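Me: I am new to this structure and would like to look closely at one part of it. Could you take me through it step by step, and then show me what else is there?

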Amino acid sequence: AQTVTRTPDGVVSVGGIDVKKLAEEFGTPAYFLDEADFRARARAWRTAFGEDADVFYAGKAFLSRAVVRWLHEEGLNLDVCSGGELTTALSAGMPADRIAFHGNNKSTEEITEAIGRGVGRIVLDSFQEIVRVAHIAESLGKRQRVQIRVTVGVEAHTHEFIATAHEDQKFGIGLADGQAAEAVRRALALDGLELIGIHSHIGSQIFDMAGFEVAARRVVKLLAEIRDEHGVELPEIDLGGGLGIAYTSEDDPSEPHEIAKALNEIVTRECESAKLRTPRISVEPGRAIVGPTAFTLYEVGTIKPLDGLRTYVSVDGGMSDNIRTALYDAEYSVALVSRVSEAEPMLVRVVGKHCESGDIVVRDAFLPADLAPGDLIAVPATGAYCRSMASNYNHALRPPVVAVHDGEARVIVRRETEEDLLRLDVG
Ligand code: LLP
């Protein structure tokens, strides 16, 4: 569904507009998001999982009001993890009952707001939160639908996973030592809570489906234990997000329908053998929907060749608009997009303009040897966790997000200005 093409003179165009025009109109650095591609990916998830399941887009990957409207129109639900994300979602018209609220340390204000506005579910992350949410719901005269987030002992990395007995992390309540069963006991006993299901999220940028299968199996086993102990069959399970995308040509991600098929099969099989009704499944993809739909456009500035080693290509952004390379050693690719070049490829490192040597956007890549200041280069697959983790380091102005669709470009998050920075500095 991606509408990125290259014209005969080598200028790349997206959604029918060439990048030179985009740079002229919106400046650089900027994120350009292909709306048709976003909608197609959202729809593919929705279609793959069908009417008997729910897809909650994980807003942490990238959230704006336009995105919320697209998701609403495409029939997706939304996962938020802060009061800020909740406010954005509600202000763009996402019905509260289609919102799930996450987080390991939700504040009293956030919980009160979420329950008061009628969010569809709160995902309980700790023993203290079970009580906290129940009390707030009761004080508001409500019964809040909740899931309990359990840690299933699956450590998922990009191309592998490890199943362990215990999990050493801040999120969720452990399955292995009976803590999750105890959490269920407590939640079922509280009037303010309606326990509707169990939640598991095993990690992010995952390619190996086996991790999800182990997680699903362990969650279904807990459902069977709950049925045996309490005589209730919880109606829902959520298997979280985490599906990987292709950052470079070496990555080969699964399609939503393959993921849906694998998850449905494993849950159905496990439920049959435990003689449980199959629960309604939900998932929470963030990166897999928005990641591939945007690229960052930069203008090349200083070029510093180091003989026999590599050439440093400095761009007008950096770790303030993409922290992922510095933070996770993430891999990206890069392309010259404002012209064609017949020149030999040279080994480059694309770096930002920040006062830090770790300020790397693309660690190793090839660009034509005739690269010059003023050329435009694009880094693809920056739709997820780039704008949403952008910072003002060195008082950088966070770039805009521009949605491109059918020959039209529209700013959906505007560029920050120096006035924005000074407005916060009241001093
Ligand atoms: N559901 C829950 C409960 C999550 O914690 C997350 C991500 C998701 C869903 C969505 O995961 P996704 O489908 O996007 O992988 N900043 C990191 C990723 C952190 C993910 C945190 N949780 C990065 O840039 O790679």
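What is the order of the strands in the open sheet of three strands, and is their pairing parallel or antiparallel?

Reply: Happy to help! Residues are numbered from 1 along each chain, as its sequence is written. Please keep in mind that this is a predicted model, in which local features need pLDDT of at least 70, side-chain atom pairs count only at pLDDT 80 or more, and totals for chains, interfaces and linings use all residues.

The order in that open sheet is S1-S2-S3, and the pairing is antiparallel. Its edge strands, each pairing on one side only, are S1 (4-6) and S3 (17-18). Strands here are DSSP runs of E with at least two residues, helices are runs of H or I with at least four, and both are numbered from the N terminus. Two strands count as paired if DSSP finds at least two bridges between them. S1 and S2 (residues 12-14) run antiparallel and are joined by three bridges, with Val4 opposite Val14 of S2. As background, strands of a sheet pair through backbone hydrogen bonds, either parallel or antiparallel.

For parallel pairing, turn to S6 (residues 77-80). S5 (residues 53-58) pairs with S6 in the parallel sense over three bridges, and Phe56 has Asn77 of S6 as its bridge partner. S6 also pairs in the parallel sense with S7 (residues 99-101), again over three bridges; here Asp79 is partnered by Ala100 in S7.

Helices link these strands. S5, helix H3 (residues 65-73) and S6 form a right-handed β-α-β unit, and S6, helix H4 (residues 83-91) and S7 form a right-handed one too. A crossover is right-handed if, with the strands pointing away from the viewer, the path from the first strand over the helix to the second runs clockwise.

In a regular strand the side chains alternate between the two faces of the sheet. In S6, Asn77 and Asp79 lie on one side and Leu78 and Val80 on the other, and all are buried. Buried means that 20 or more other C-beta atoms lie within 10 Å of a residue's own, exposed means 12 or fewer, and partly exposed is in between, with C-beta atoms placed from the backbone.

Helix H2 (residues 35-49) has 15 residues, so at 1.5 Å a residue it should span 21 Å, and its end C-alpha atoms are indeed 21 Å apart. The expected span is 1.5 Å times one less than the number of residues. Among the buried residues of H2 are Phe38, Trp45 and Phe49. Just after H2, Gly50 takes a positive phi of about 75°.

Finally, look at the ligand. It is surrounded by 21 residues, the closest being Ala58, Ser204, Gly241, Gly286 and Tyr385; a residue counts as near if its C-beta atom, placed from the backbone, lies within 6 Å. The elements giving two or more residues to this shell are helix H10 (287-290) and helix H11 (324-328). Domain 1 (4-33 + 291-424) and domain 2 (62-285) each contribute at least three residues to the shell, the domain bounds coming from an automatic or database assignment. By class, the shell has eight nonpolar, eight polar and five charged residues. Nonpolar covers Ala, Val, Leu, Ile, Met, Phe, Trp, Tyr, Cys and Pro, charged covers Asp, Glu, Lys and Arg, and the others, Gly among them, count as polar.
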